[in-house]
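Hi,

Here is the structure I said I'd pass on to you. Could you have it open while you read the rest of this email?

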Amino acid sequence: TYIVLEVNGLGYKIFIPASGLNKLPQLNEIYLVHTSLIIKEMSQALYGFHEALERDLFEVLLNVNGIGPKTALS
């Protein structure tokens, strides 16, 4: 599940938790997305959250052995 944030014609794919779908605004409304950028050897990915606390918990979960971004997001 993801959103695309367009900034001056450039689209950023931001993965979001399924629980965040009902919190999304209507098209062209202002929306603050708290993001975490994960850089790996062969990829970069943005993960977005409605609340900063959700993002902080996501980042804490990433420090647990065996938990990657997709698992932490769910």
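Let's start with the largest pocket: sorted by class, its lining has 8 nonpolar, 2 polar and 2 charged residues. One thing to keep in mind throughout is that this is a predicted model. The pocket holds about 350 Å³ of space. To find it, look for two stretches of the sequence, since the lining includes Ile3, Val4, Leu5 and Glu6 as well as Leu24, Pro25, Gln26, Leu27, Asn28 and Glu29. Tyr31 and Val33 are also in the lining.

Now for the overall layout. The chain has 2 helices and 4 strands, and reading along the sequence you get β-β-β-β-α-α. The C-alpha trace spans about 40 × 25 × 20 Å along its principal axes. Of the 74 residues in the chain, 24% are buried. If you take contacts between residues at least 6 apart in sequence, 27% of them join residues at least 24 apart.

Which residues make up the largest nonpolar core? There are 8 of them: Phe15, Ile38, Ala45, Tyr47, Phe49, Phe58, Ala72 and Leu73. Strand 4 (44-49) and helix 2 (69-73) each supply at least two residues of this core, and strand 4 gives the most, with 3. This fits a pattern you'll meet again: nonpolar side chains in soluble globular proteins tend to be buried together.

Phenylalanine 49 is a good residue to click on. Leaving out residues up to four places away in sequence, it touches Pro17, Leu32, Val33, His34, Glu54, Arg55, Phe58 and Leu73. Phe58 and Leu73 are core members too.

Phe49 also turns up next to some empty space. The whole structure has 1 cavity of 30 Å³ or more, with a volume of about 60 Å³. Its lining consists of Ile3, Ile16, Pro17, Gly20, Tyr31, Val33, Gly48, Phe49, His50 and Glu54. By class, that makes 6 nonpolar, 3 polar and 1 charged. Ile3, Tyr31 and Val33 are in this lining, and they are in the lining of the largest pocket as well.

Next, salt bridges. How many are there in the whole structure? The search finds 2. One pairs glutamate 54 with lysine 23, and their closest N and O atoms are 3.5 Å apart. This pair links distant parts of the chain: glutamate 54 is in helix 1 (residues 52-61), while lysine 23 is in the loop between strand 2 (10-15) and strand 3 (34-39), 31 residues away. Both partners are partly exposed, with a relative accessible area of 25% for glutamate 54 and 33% for lysine 23. Another salt bridge joins aspartate 56 to arginine 55, with the closest N and O atoms 3.1 Å apart. Aspartate 56 is partly exposed too, at 35%.

Is histidine 34 buried or exposed? Its relative accessibility is 19%, and the cut-off for buried is under 20%, so histidine 34 counts as buried. You'll find histidine 34 in strand 3. Not counting residues up to four places away, histidine 34 touches Tyr47, Gly48, Phe49, His50, Glu51, Ala52 and Arg55.

For contrast, have a look at glycine 11 in strand 2. Glycine 11 is partly exposed, at 46% relative accessible area. Its contacts beyond four places in sequence are Val4, Leu5 and Glu6. The C-alpha atoms of glycine 11 and alanine 52 are 22 Å apart, with their positions 41 residues apart along the chain.

Last, two backbone angles to check. Most residues other than glycine have a negative phi. Asparagine 8, though, has a positive phi, near 50°. Asparagine 8 sits in the loop between strand 1 (2-7) and strand 2, and is exposed at 81% relative accessible area. Asparagine 28 has a positive phi as well, near 70°. Asparagine 28 is in the loop between strand 2 and strand 3, is exposed at 76%, and takes us back to the largest pocket, where it is one of the lining residues.

Have fun with it!

Methods: Residues are numbered from 1 along each chain as its sequence is written. This is a predicted model: local features need pLDDT of at least 70, side-chain atom pairs count only at pLDDT 80 or more; totals for chains, interfaces and linings use all residues. Side-chain values use heavy atoms; hydrogens and water are left out. On a 1 Å grid over the protein atoms alone, a cavity is a set of points where a 1.4 Å probe fits but cannot get out, and a pocket is an open set with protein on both sides within 12 Å along at least five of seven lines; lining residues have an atom within 4 Å of a point. Grid points are joined across faces, edges and corners, and a volume is the space filled by probe spheres set on the points. Ala, Val, Leu, Ile, Met, Phe, Trp, Tyr, Cys and Pro count as nonpolar, Asp, Glu, Lys and Arg as charged, and the others, Gly among them, as polar. A nonpolar core is a set of buried Ala, Val, Leu, Ile, Met, Phe, Trp, Tyr and Cys residues joined through side-chain atoms within 4.5 Å. Buried means under 20% relative accessible area, exposed over 50%, partly exposed in between (1.4 Å probe, protein chains only). Contact means heavy atoms within 4.5 Å. A salt bridge is a side-chain nitrogen of Lys or Arg within 4 Å of a carboxyl oxygen of Asp or Glu.
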